[in-house]
Protein chains: 2
Amino acid sequence: MRESTALDDMICFQLYAASRGMTAIYRPLLEPHHLTYPQYLVLRVLWHDGPTTVRDLGHTLRLDSGTLSPLLKRLEAQGYLRRERDTHDERVVWAHLTDTGTALREAIGDLTQRLVCATGLTLDELSQLHQLLTRARQSAKGNT
Amino acid sequence: MRESTALDDMICFQLYAASRGMTAIYRPLLEPHHLTYPQYLVLRVLWHDGPTTVRDLGHTLRLDSGTLSPLLKRLEAQGYLRRERDTHDERVVWAHLTDTGTALREAIGDLTQRLVCATGLTLDELSQLHQLLTRARQSAKGNT
DNA sequence: TCGGGTTCGGTTGTGCACAACTAAATTGGG
DNA sequence: CCCAATTTAGTTGTGCACAACCGAACCCGA
């Protein structure tokens with residue numbers, strides 16, 4: 001189990017750098033719609049799942065209300081979604097897309113190919129990468 | 001080259017989430033020394049390379065002066081390093097460790113094992129992960 | 001039923017990431 | 001030699017990430 005000293009630290013940096021590099025690729029693709037990558041993630045959840053509570057958005061994206069509240073406020077100000085209190089449980093707030101927000105899905109289109117190309121990895125390698133990241137995150141969730 | 005649509009988007013999110021999860025593991029390990037993960041990265045460069053210019057720190061960590069300037073100011077305020085203008089080229093600023101900053105290396109010790117364990121991945125898998133991330137970053141650097 | 005504990009969203013404060021900009025020092029071509 | 005272009009660090013402004021905290025709403029057991 002030795003010999004990993006340098007490698008693991010490099011992985012942590014690669015992870016950190018790769019994540020920032022990934023959002024840097026998204027940036028010019030999302031900028032025309034005045035979206036950031038985290039905002040885009042929220043919209044993807046709403047496009048996929050329909051109206052969602054702030055709580056569920058937080059669980060899905062691993063973000064707390066300290067991050068989501070102002071982010072959703074900005075998306076609402078841009079007219080992409082609206083927030084409404086649940087009538088039965090006043091603690092809960094639902095985020096639901098406006099027509100503009102729904103239409104945005106088509107306007108943005110499929111960014112996938114551009115991201116895949118940027119990595120220069122094959123589909124097998126991407127699948128491998130996905131599996132490794134998922135397993136590491138899964139394991140880390142327990143071993144805190 | 002089809003069929004990647006869902007997968008690639010999941011990878012981008014996994015990357016984003018894994019990076020934040022990684023820093024979350026570092027946080028309690030660094031907090032006793034009042035360090036953040038990016039601050040720790042700067043110290044690692046200085047521990048490894050000795051006195052370094054702000055410019056080279058930026059190249060190494062892929063950060064610009066807008067991020068590094070205040071970060072270095074905070075590390076200086078904590079007494080871990082000092083900044084000094086180059087006498088021959090007044091544009092250049094050198095960051096060099098204080099004795100406290102140098103000693104910190106031993107005080108923090110080797111965090112590697114704890115990170116490796118958290119991932120639950122084997123050394124082969126970590127090596128694979130490292131290689132995939134590096135290649136993707138390398139490729140993305142060109143294809144922008 | 002009622003009162004303590006929990007859940008939920010929001011606010012505040014700190015630090016990072018990055019774009020856009022500034023100012024000073026240096027460089028290099030004419 | 002000189003001045004325009006470049007390099008370098010720093011500043012400002014915006015948005016994300018997260019800890020710490022708050023208040024309101026809800027839940028549940030005695």
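**A buried helix face, two loops and the interface of chains A and B**

In α3(B), the residues B:Val54, B:Leu57, B:Gly58 and B:Leu61 are buried. Because these residues cover an arc of only 100° around the axis, they are placed on the same side of α3(B). The model described here is a predicted one. Beyond the end of the helix, α3(B) is followed by B:Arg62, a residue other than glycine whose phi nevertheless takes a positive value, near 55°. B:Arg62 belongs to the loop between α3 and α4 (65-77) of chain B, and its relative accessibility of 42% is the reason why B:Arg62 counts as partly exposed.

A positive phi also occurs in another loop of chain B, where B:His34, although not a glycine, has a value of about 55°. This residue, B:His34, is found in the loop between α1 and α2 of chain B, and it counts as exposed because its relative accessibility is 54%, the cut-off for this class being over 50%.

In chain A, the loop between α1 (5-30) and α2 (37-49) contains A:His33. A:His33 has a relative accessibility of 17% and therefore counts as buried, since that class is set at under 20%. When its neighbours within four places in sequence are left aside, A:His33 is in contact with A:Gln78, A:Tyr80, A:Leu104, A:Ala107 and A:Ile108.

The fold of chain A as a whole comprises 7 helices and 3 strands, which are arranged along the sequence in the pattern α-α-β-α-α-β-β-α-α-α. The C-alpha trace of chain A spans about 55 × 35 × 25 Å along its principal axes. Of the 144 residues in chain A, 47% are buried. Where contacts in chain A between residues at least 6 apart in sequence are considered, 51% of them join residues that are at least 24 apart.

The two chains meet in a contact to which chain B gives 56 residues and chain A gives 56 residues. Between them, chain B and chain A bury about 5500 Å², and 64% of this area lies on carbon and sulfur atoms. Across the interface of chain B and chain A, 2 salt bridges are found; one of the salt bridges across the chains joins the side chains of A:Glu125 and B:Arg135, with a distance of 2.7 Å from N to O. The interface of chain B and chain A also holds 17 residue pairs in polar contact, counted where both residues have a pLDDT of 80 or more.

On the side of chain B that touches chain A, at least two residues are supplied by each of α1 (5-30), α2 (37-49), α3 (54-61), α6 (112-119) and α7 (123-143) of chain B. The helix α3, described above for its buried residues, is thus listed among the elements that supply this side of chain B. The most is given by α1(B), which contributes 18 residues to the side of chain B that touches chain A. When the residues on this side of chain B are sorted by class, 31 are nonpolar, 15 are polar and 10 are charged.

How values were computed. Residues numbered from 1 in each chain as written. Chains lettered and ligands numbered in written order. Predicted model: local features only at pLDDT ≥ 70, side-chain atom pairs only at ≥ 80, totals over all residues. Heavy atoms only, no water. Contact = heavy atoms within 4.5 Å. Buried area = accessible area lost by both parts, 1.4 Å probe. Salt bridge = Lys/Arg side-chain N within 4 Å of Asp/Glu carboxyl O. Polar contact = N/O pair within 3.5 Å; in protein donor to acceptor, adjacent residues only side chain to side chain. Helix = DSSP H or I, 4+ residues; strand = E, 2+ residues; numbered from the N terminus. Nonpolar A, V, L, I, M, F, W, Y, C, P; charged D, E, K, R; others polar. Buried < 20%, exposed > 50% of the residue type's maximum accessible area, 1.4 Å probe, protein only. Arc of directions from axis to C-beta.
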